[in-house]
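This briefing introduces a single protein chain to a reader who is new to structural description. Please keep the sequence and the structure in view while reading.

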Amino acid sequence: MRTSQGGIFSAKNWVIGMFSLSLVTQITATTFIVLKIWSTKSPVYRKEQLSIIWMIVESGAVLTACTLAVLVLFVLDFNAGQLVAEINAQLSVSNSFDVW
């Protein structure tokens, strides 16, 4: 099997696929969490729910924007993507603890 730079087994294709799936997962998970909070039938706490929903949406948006920046910088072959990837890793860890 030939593993040329443009082939299916090149690392660039796998990294692009990984970050693309990560973006889809982040958007889907944030959407499902927001829908779950919104679907609770408690009109008394609607204002508190909205503040929680906005916090989750903003947190998901920051993580998604950083992941998108890493993906774009990687596709454009900029080395700055490595710096943003380190920030993205820190955001991923901190976001998982913010929910609890």
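The points below begin with the chain as a whole and then turn to its helices, core, loop and surface.

The model is predicted. Its chain contains 3 helices and 0 strands, and the order of elements from the N terminus is α-α-α. Of its 100 residues, 24% count as buried.

**The chain as a whole**

- Among contacts in the chain with a separation of 6 or more, 49% are between residues 24 or more positions apart.
- The exposed area of the chain is about 7,600 Å², and 72% of that area is supplied by carbon and sulfur atoms.

**Helix H1**

- Helix H1 covers residues 11-38.
- With its 28 residues, H1 reaches 40 Å from the first C-alpha to the last, which is close to the 40 Å expected at 1.5 Å a residue.
- Which residues of H1 are buried? They are Phe19, Leu23, Gln26, Thr30, Val34 and Ile37.
- An α-helix has 3.6 residues a turn, so residues three or four places apart point the same way.
- Thr31 also lies in H1, but Thr31 is partly exposed, because its relative accessible area of 39% falls between the 20% limit for buried and the 50% limit for exposed.
- Thr31 is 22 residues from Ile53 in sequence, and the C-alpha atoms of the two residues are 9.9 Å apart in space.

**Helix H2**

- Helix H2 spans residues 46-75.
- H2 has 30 residues and a reach of 42 Å between its first and last C-alpha, close to the expected 44 Å at 1.5 Å a residue.
- The buried residues of H2 include Gln49, Ile53, Ile56, Gly60 and Leu63. Thr64, Cys66, Thr67, Val70, Leu71 and Leu73 are buried in H2 as well.
- Ile52 is placed in H2 too, yet Ile52 is partly exposed, with a relative accessible area of 39%.
- Between Ile52 and Trp38 there are 9.9 Å in space, C-alpha to C-alpha, and the two are 14 residues apart in sequence.

**Thr67, a buried residue of H2**

- Is Thr67 buried or exposed? Thr67 is buried, because its relative accessible area is 0%, and buried means under 20%.
- Apart from neighbours within four places in sequence, Thr67 is in contact with Phe19, Ser22, Leu23, Gln26 and Asn88.
- Of these partners, Phe19, Leu23 and Gln26 are listed among the buried residues of H1.

**The largest nonpolar core**

- How many residues does the largest nonpolar core have? The core has 7 residues: Phe19, Leu23, Cys66, Val70, Leu71, Leu73 and Val84.
- H1 and H2 are the elements that give two or more residues to this core, and H2 gives the most, with 4 residues.
- One of the core residues, Cys66, is in contact with Val84, Ile87, Asn88 and Leu91, when neighbours within four places in sequence are left aside.

**The loop after H2, and the salt bridge**

- Asp77 is found in the loop between H2 and helix H3, which covers residues 80-98.
- Asp77 follows H2, and its phi is near 60°, a positive value in a residue other than glycine.
- Asp77 counts as exposed because its relative accessibility is 58%, and the limit for exposed is over 50%.
- Which residue forms a salt bridge with Asp77? The partner is Lys12, and the closest N and O atoms of the pair are 3.3 Å apart. This pair links distant parts of the chain, since Asp77 lies in the loop between H2 and H3 while Lys12 lies in H1, 65 residues apart.
- Lys12 is partly exposed, with a relative accessible area of 30%.
- The structure holds 1 salt bridge.

**A nonpolar patch on the surface**

- Leu68, Val72, Val75, Leu76 and Phe78 form a nonpolar patch on the surface. Together these residues have about 440 Å² of accessible area.
- Leu76, one of the residues of this patch, is found in the loop between H2 and H3.

Note on methods:
Residues are numbered from 1 along each chain as its sequence is written. This is a predicted model: local features need pLDDT of at least 70, side-chain atom pairs count only at pLDDT 80 or more; totals for chains, interfaces and linings use all residues. Side-chain values use heavy atoms; hydrogens and water are left out. Buried means under 20% relative accessible area, exposed over 50%, partly exposed in between (1.4 Å probe, protein chains only). Contact means heavy atoms within 4.5 Å. Accessible areas come from the Shrake-Rupley method with a 1.4 Å probe; for residues, only the protein chains shown count as cover. Patches are made of residues with over 30% relative accessible area and no salt bridge: like charges are joined within 9 Å, nonpolar side chains (Val, Leu, Ile, Met, Phe, Trp, Tyr) within 5 Å. A salt bridge is a side-chain nitrogen of Lys or Arg within 4 Å of a carboxyl oxygen of Asp or Glu. A nonpolar core is a set of buried Ala, Val, Leu, Ile, Met, Phe, Trp, Tyr and Cys residues joined through side-chain atoms within 4.5 Å. The expected span of a helix is 1.5 Å times one less than its number of residues.
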